Amino acid sequence: MTTVARDPATDVDPTPPVEKPAAGPSRHRFRAAAGFALGAALLFAVAPLVLSDFRLSLLAKYLCVAMVAVGIGLAWGRGGMLALGQGVFFGLGGYAMAMHLKLADAGPGNMPDFMMLYGQLDELPLWWRPFASPWFALPATVLLPMAVAFVLGSLVFRRRVRGAYFAILSQALAAAMVILLIGQQGTTGGTNGLTDIQGFFGYDLDDPVNQRMVYFIIAGILLALLALTRHLMQSRYGELLVAVRDGEERVRFLGYDPATVKLVAYVVAAGMAGLAGALFVPAVGIISPALIGIVPSIEFVIGVAVGGRATLLGPVLGAVAVAWARTALSERFPGTWTYLQGLLFVVVVAFLPGGLASLVGLARRRTDGGRRPGPLVRLRRSRVEAG
Amino acid sequence: MTLFRGRRILAGAMTLVAAAALAACGSKTTDANTSAGVTADVSGDTVKVGLLNSLSGTMAISEVTVRDSIMLAIEEINAAGGVLGKKVQPVGEDGASDWPTFAEKAEKLIREDRVAAVFGCWTSASRKAVKPVFEKNKALLFYPVQYEGLEQSPYIFYTGATTNQQIVPGLDYLKAQGAKSLYLVGSDYVFPRTANKIIKAYAEANGMTVLGEDYAPLGSTEFGTITNKVKSAGADAVFNTLNGDSNVAFFKEYKSAGLTATSMPVVSVSIAEEEVKSIGTQYLEGQLTAWNYYQTTPGAANEKFVAAYKAKYGADKPTSDPMEAAYVSVYLWKAMVEKAGAFDVEKVREASDGITFEAPEGLVTVDGATQHIAKTARVGKVGADGLITEVWNSGDPITPDPYLKSYPWAGGLS
């Protein structure tokens, strides 16, 4: 099973996967823990110290995008499903959270401000009511996107829809959701979306201290999702997922059901996007159709592609780098930044098809004269030994 | 083994989150509002102001012209000595036609650049996105575009028309012309939907019938069905709240369906001189628009504005209502600051009531209670040269009434 697993990132490396082991499993585990600790130190200690409140809130926003990217890395990088409609799940999570927070802001028995403005409703619509309870709304931010992904995935993967058809279907779903939201202005806020969110479970979001708290929650959850994804990628399931990506028919002949394997990754990715959307709302204070349509859905994928889709950290770094570059370039060159951003994408795709993560491998090859394999190969090799 | 390791890392992460959440507990929503706001940096001999417009994306074509006229006003003010002896230094940011980006950039201008005021935004969605940012930081936004009303933020000055200064006078004009039935066409977003709600309430109270109401997605160019419906409905007039490129397709279809300005006039509220140029005069000639300002509006103040704009940006560049409102907003801010004797936001707001300015559109007066401005309504007709000439005006400036409280028929709207 394990040797089936080859992906673009390892293809860059000329070293065959099984050869003189450079690192034993214990050293490998140590590295993971050290990397994790470093990430935690950066996010929890360095960033809050060196960044202003405003920049920290921007970082919180980037980390939400990174959460979506982790899921796409799993579904696309490992599972080969080009999920071009993650905005839908991001939106479901975001709207579920925003609906709860809007209702909490309005107070029991009251309707959110925009509903009285545009909806001219006498009472809260039925489908809004459950969201008044945090015990419904909070699980819903993750379970609702997962349920939608499950239904869609079941239909699509069983019928063996894949490749471009799957990507187009994802896009169509994103477009449909935007049209639905805009059309129902009275109950969804239309193009405005849900804005002006004041509190987060009783805490005033205007207070910088609470904004910081939201940031810490986001950073912590991102780390947890990374740990979960690493665990998934290294498990037998992770191997199977890569196998399905590279040879779906072969896996089928081996007695596995590729549809179920893909479905799991797709549903997990949807859950992550939903969670990201839910956390985006208190961090940024808005959720709107502009954040979940076709364009943002593609932008999620661009971040992953720039970072390196088949690795664990690549999508996170890519998502944060793209979002950061967007802010930095547009602040410095408000008139021409879109061209610079486009140029950046072209350069990355043309010269670094494996994404930013492949830089590590390239640098290593340069210094070691191609003797040592990149991190991903080592990661895989340790499993070969363990298995 | 791997399972165990994964769990340990997960547990570690959860502990971190819990610790962080416990360590950092700020004020509750039930506490009194503690946010002090951000004070502008006016320590040097310059004062920064923010320019927040879409320089990229679908709205760029319109919003760039607004930024240009804000820049013109700032240049003129600086040439005349600045505000309170300080030169005005513009800081530009790109809203990128994306509402959350507007919110991000607004926050950046307020907190990082510490600007004294921000000028900009076009779509209602972008305004709704930045509104909480300005309210949270107690900073000022000057919003220069006509909009759907039903809003009154203490930290926004609305220098474009609200509904009773544009849409309602437009309807009054149609009624006076004898129109008994209307057909409503609009882009699918907040402004057209809210505007049409108001139009329907007006029609009901004034014995007019609305024969149909259709929405096209923003940017849509598919208008064959809609124009056929409009044609077969046979309304006396069409009220058009389409935005942007859709107008091009709509008016082409409209003409090819054999409908003309004389057989079924269209009143547009989002087509100004700049848009006439891009849609094509041949499709629009004779059609009506409702605004507060046209390039052809008479008066010395407008002659000066048009000449200065053309001198700076080119003789072929027209001036339009939102550009004029943006230009005026900078001068109004200057007058407020000078009356207050300080850049302090609360003092500026207190000083705002009754501020007047001899604007290109005529005399405008700030209404301190609503933070809107009194403006003269003007209905115009598109001419063969692409310019719009006034066919009717309200005479005196109309007092802003964003919630339409003084109109009995609008009782159920807000």
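Contacts between residues 24 or more positions apart make up 70% of the contacts in chain B that have a separation of 6 or more. The model is a predicted one, and in it the secondary structure of chain B amounts to 13 helices and 15 strands. The points below take up the overall form of chain B, its seven-stranded sheet, the side that touches chain A, and one residue after the last strand of that sheet.

**Overall form of chain B**

- The radius of gyration of chain B is 24 Å, which agrees with the value near 22 Å that a compact globule of 414 residues would have.
- Measured out along its principal axes, the C-alpha trace of chain B spans about 75 × 65 × 45 Å, and 53% of the 414 residues of the chain count as buried.

**The seven-stranded sheet**

- Seven strands of chain B form an open sheet with mixed pairing, and their order across the sheet is β7-β6-β8-β9-β10-β14-β15.
- Because β7 (209-216) and β15 (388-393) of chain B each have a single partner strand, they stand at the edges of the sheet, and one side of each is left without a neighbour there.
- From one strand to the next, the twist averages 25 degrees.
- Helix α7 of chain B, covering residues 224-233, packs on this sheet and touches β6 (181-187), β7 and β8 (237-241) of chain B, while the direction of the helix makes about 175 degrees with that of β7(B).
- Within the sheet, strand β10 (residues 288-291) of chain B runs antiparallel to strand β14 (residues 378-382) of chain B, and four bridges join the two; in this pairing Leu288(B) stands opposite Lys381(B), a residue of β14(B).

**The side of chain B that touches chain A**

- The contact between the chains draws 51 residues from chain B and 52 residues from chain A.
- On the chain B side, at least two residues each come from α1 (2-23), β2 (87-94), α3 (99-111), α4 (124-137) and α6 (190-205), and α1(B) gives the most, with 11 residues.
- Sorted by class, this side of chain B holds 22 nonpolar, 13 polar and 16 charged residues.

**Asp396(B), after strand β15**

- Asp396(B) is found in the segment that follows β15 of chain B, and this residue counts as exposed because it has 11 C-beta neighbours inside 10 Å, where the cut-off for exposed is 12 or fewer.
- Although Asp396(B) and Gly362(B) are 34 residues apart along the chain, a separation of 9.7 Å lies between their C-alpha atoms.

Key
Residues are numbered from 1 along each chain as its sequence is written. Chains are lettered from A and ligands numbered from 1 in the order in which they are written. This is a predicted model: local features need pLDDT of at least 70, side-chain atom pairs count only at pLDDT 80 or more; totals for chains, interfaces and linings use all residues. The radius of gyration is taken over C-alpha atoms; the globule rule is 2.2 Å times the number of residues to the power 0.38. A residue is buried if 20 or more other C-beta atoms lie within 10 Å of its own, exposed if 12 or fewer, and partly exposed in between; C-beta atoms are placed from the backbone. Two residues are in contact if their C-beta atoms, placed from the backbone, lie within 7 Å. Two strands pair if DSSP finds at least two bridges between them. Axes are lines fitted to C-alpha atoms, for helices over the stretch in contact, and angles run from 0 to 180 degrees between N-to-C directions. Ala, Val, Leu, Ile, Met, Phe, Trp, Tyr, Cys and Pro count as nonpolar, Asp, Glu, Lys and Arg as charged, and the others, Gly among them, as polar.
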